[in-house]
Amino acid sequence: MRFSTLTSYFERLEKTTKRLEMIDILTELLKKTDTNELEPVIYMVIGQLGPKYDEPALGIAERMAIEALINATGVSQKKVQDTLNQVGDLGEAAYILLSKERSSTLDAFFETTGEDETEERDPEVLEIWRQLHQIAKLTGEGSAKAKVRALTKILTSVSPKGAKYIMRIVLGKMRLGVADMTVVEAITRAYIGDKTKKPIVELAYFKTSNLAEIAKIAKEKGIEALEKIKVEPGRPVQCMAAQRLSDPEEILEKLGGKCQLEYKYDGLRFQYHYTKDGKAKLWSRRQEDLTSMFPDVINALNTAFGETPIITEGEIVAYNFQENKIVDFQTLMQRRRKYDIEKMIQEVPSKVFLFDILYADNQDITSRPLPERRKILEQHTHVFKKVDLSTAEIIDNVDDFNVFFDKAIEENCEGVMAKDISEKSIYEAGARGWLWIKYKADYKSELADTFDLVVVGAWHGRGRRGGFYGTLLMAAYDSEEGVFRTLCKLGSGLNDAHLEFLKQKLDELKLPEKPKDVISKLEPDIWVKPEIVMEITATEITNSPVHTVLDENGNGLALRFPRFTGRFRDDKSPYDATTVQEIRELKKLKR
Ligand code: ATP
């Protein structure tokens, strides 16, 4: 394919903002593309020089691109700068200037450098691709000059319109608006035909992160070959993501009554690869190469796994080894830099917690259920000071859920991850499904005020809270009507001593039926006389149809992530509790 043909597709893509139209144009382009041209065509369309995880850096700064344009046109620096100021884009400036001017000294320029100006004014796409990659390979002394020269050569070998896109590609500003998933859709249309097969093409992409590769396979071998694609160390896999719910009961229900709960570490997610030829790589969730930023983590993971091909995932956290404590996320962020790395390793030591494994024993294990993967992870990891597995437990009731959550918060985690453990609990590359559900409370941004709420009912505890009351029904006082209105269920922040005290006290206060002055839509296991006042913290006041504190429009309100602070307010009578009116005001303030 000639570069001018590709340029005409760039133009058509640039003109539309409609995704469907883009897919049509791309499909047409792919149908015209030879297999060996798929890589340049696909990556240039999205403005890259290869897959993100393996993209060569061109090393062309804007001033170098300007210099190349001056060389190519023979106009003054001022003129280039003026044009650039006028149109705001060096690509457009290149188009305008090259349409009008072509340096008369250009031939001399190339003569002095001992190179021929490309005779051909319309090179092959593959030739341009080769030259761009050549630029990336130029390093060391004098390389800046050589890069400018090579770019000048490309700019003068293509049409002014072509030069516009070349400029944008080398500056990383292609921006045709073509997303990776749009290309996936076009690959499906062009080579598979059957739209219902898109999920297979998508998954192949999520497993390889390489659009050109799946395009080649789709074109040459078809859908069966795509279905067989495996994850491979050395090629990052698109990370599985989590859904979010804010009620443990709902989470358990969603996961079939039972799940694996894990600490949710507030750090940096990574994917560690150890390839068959002995290379260790660390990628971020967005496939940024972290290898050189975290040599200590690479070393630690190397100790943990040895020289065996592996893909594993976990979270890097800043860690205080003297006190055995996780340090906050902000501290870890100091490690995200490209210089002074050794110094930062000393200042901000880190530890990793592993939570998944995608490849082991020379096999892709992403389609195995989570319990099996966890076992494989345990078998393969040599746990030591710097590498541990995520704290995890199988949980089947709300009370144990709350106990586990409390422990996570106490140990400086931001919450918990609830994970499906059924047969269908595969590692879903690139998906945000319901196999993982996050439950996190940002107590750092908690409401400045605490609430003093009254216990009006309770539910019998299960699991670790068996024999106690595991969850309490909490109410605020409606001073206008002289009644108690429920605001939340409380299961978090209760330690063993609290549970024991509450068991004894609530049994004393137990009533055969709901007291007249309690307004509730919920039916706890026992009702109690409103008497015990407890101090509660929460992250926000939200709307909820479940509770009976109402806002001025008659909509129910509730506390999000309510948590006992540990303080029983025995100095307060239930009528001194936080009032419904106060809660309304607070909710208004938060708007
Ligand atoms: P999202 O990942 O949902 O797009 P986000 O970047 O805000 O949003 P979080 O809301 O923090 O991420 O939730 C998911 C993240 O939690 C994961 O990407 C991972 O980095 C982190 N995480 C911490 N602990 C675990 C764990 N045990 N299992 C899985 N992920 C965990």
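This is a short guided tour of a predicted model, stop by stop, for you to follow in your viewer.

Before you start selecting, note that residues are numbered from 1 along each chain as its sequence is written. Local features here need pLDDT of at least 70 and side-chain atom pairs count only at pLDDT 80 or more, while totals for chains, interfaces and linings use all residues, and side-chain values use heavy atoms, with hydrogens and water left out.

**Stop 1: helix H19**

Select residues 370-380, which make up helix H19. Helices here are DSSP runs of H or I with at least four residues, strands are runs of E with at least two, and both are numbered from the N terminus. Leu370, Arg373, Arg374, Ile376, Leu377 and His380 are buried in this helix. Buried means under 20% relative accessible area, exposed means over 50%, and partly exposed is in between, with a 1.4 Å probe and protein chains only. Now look down the axis of H19: the buried residues fall within an arc of 160 degrees, so they line one face of the helix. That arc is taken from the directions from the helix axis to the C-beta atoms. On the face turned away from the buried side, colour the exposed residues Lys375 and Gln379.

Stay in H19 and pick Glu372. Glu372 is partly exposed, at 36% relative accessible area. Add Ser425 to the selection: the two residues are 53 apart along the chain, and their C-alpha atoms are separated by 9.7 Å.

**Stop 2: helix H16**

Next, select residues 295-305 for helix H16. Its buried residues are Asp296, Val297, Ile298, Ala300, Leu301, Ala304 and Phe305. Step on to Gly306, which follows H16 and has a positive phi near 70 degrees.

**Stop 3: salt bridges**

How many salt bridges does a search of the whole structure find? The search gives 46, where a salt bridge is a side-chain nitrogen of Lys or Arg within 4 Å of a carboxyl oxygen of Asp or Glu.

Begin with Glu21 and Lys18, whose side chains meet at 3.9 Å, N to O. Glu21 is partly exposed at 37%, whereas Lys18 is exposed at 55%.

Move to helix H8 (residues 125-137), where Arg130 and Glu127 lie 3 residues apart, about one turn of the helix. Their side chains form a salt bridge of 2.8 Å, N to O. Both ends are partly exposed, Arg130 with a relative accessible area of 45% and Glu127 with 27%.

Then show Arg235 with Glu213, a salt bridge of 2.9 Å, N to O. Arg235 sits in the loop between helix H14 (223-227) and strand S1 (241-244), and Glu213 in helix H13 (residues 211-221), so the pair ties together parts that are 22 residues apart in sequence. Arg235 is buried at 13%, while Glu213 is partly exposed at 26%.

To finish this stop, select Asp452, Glu535, Arg567, Arg569, Asp571 and Lys572, which are joined into one network by salt bridges that share partners.

**Stop 4: a charged patch**

Finally, switch on the surface and select Lys52, Arg285, Arg286 and Arg432, which form a positive surface patch. Patch members have over 30% relative accessible area and no salt bridge, and like charges are joined within 9 Å. Lys52 lies in the loop between helix H3 (38-45) and helix H4 (62-73), and counts as partly exposed at 48% relative accessibility.

How values were computed: Patches are made of residues with over 30% relative accessible area and no salt bridge: like charges are joined within 9 Å, nonpolar side chains (Val, Leu, Ile, Met, Phe, Trp, Tyr) within 5 Å. Accessible areas come from the Shrake-Rupley method with a 1.4 Å probe; for residues, only the protein chains shown count as cover. Lys and Arg count as positive and Asp and Glu as negative; His and the chain ends are not counted. The place of a charge is taken as NZ of Lys, CZ of Arg, CG of Asp or CD of Glu.
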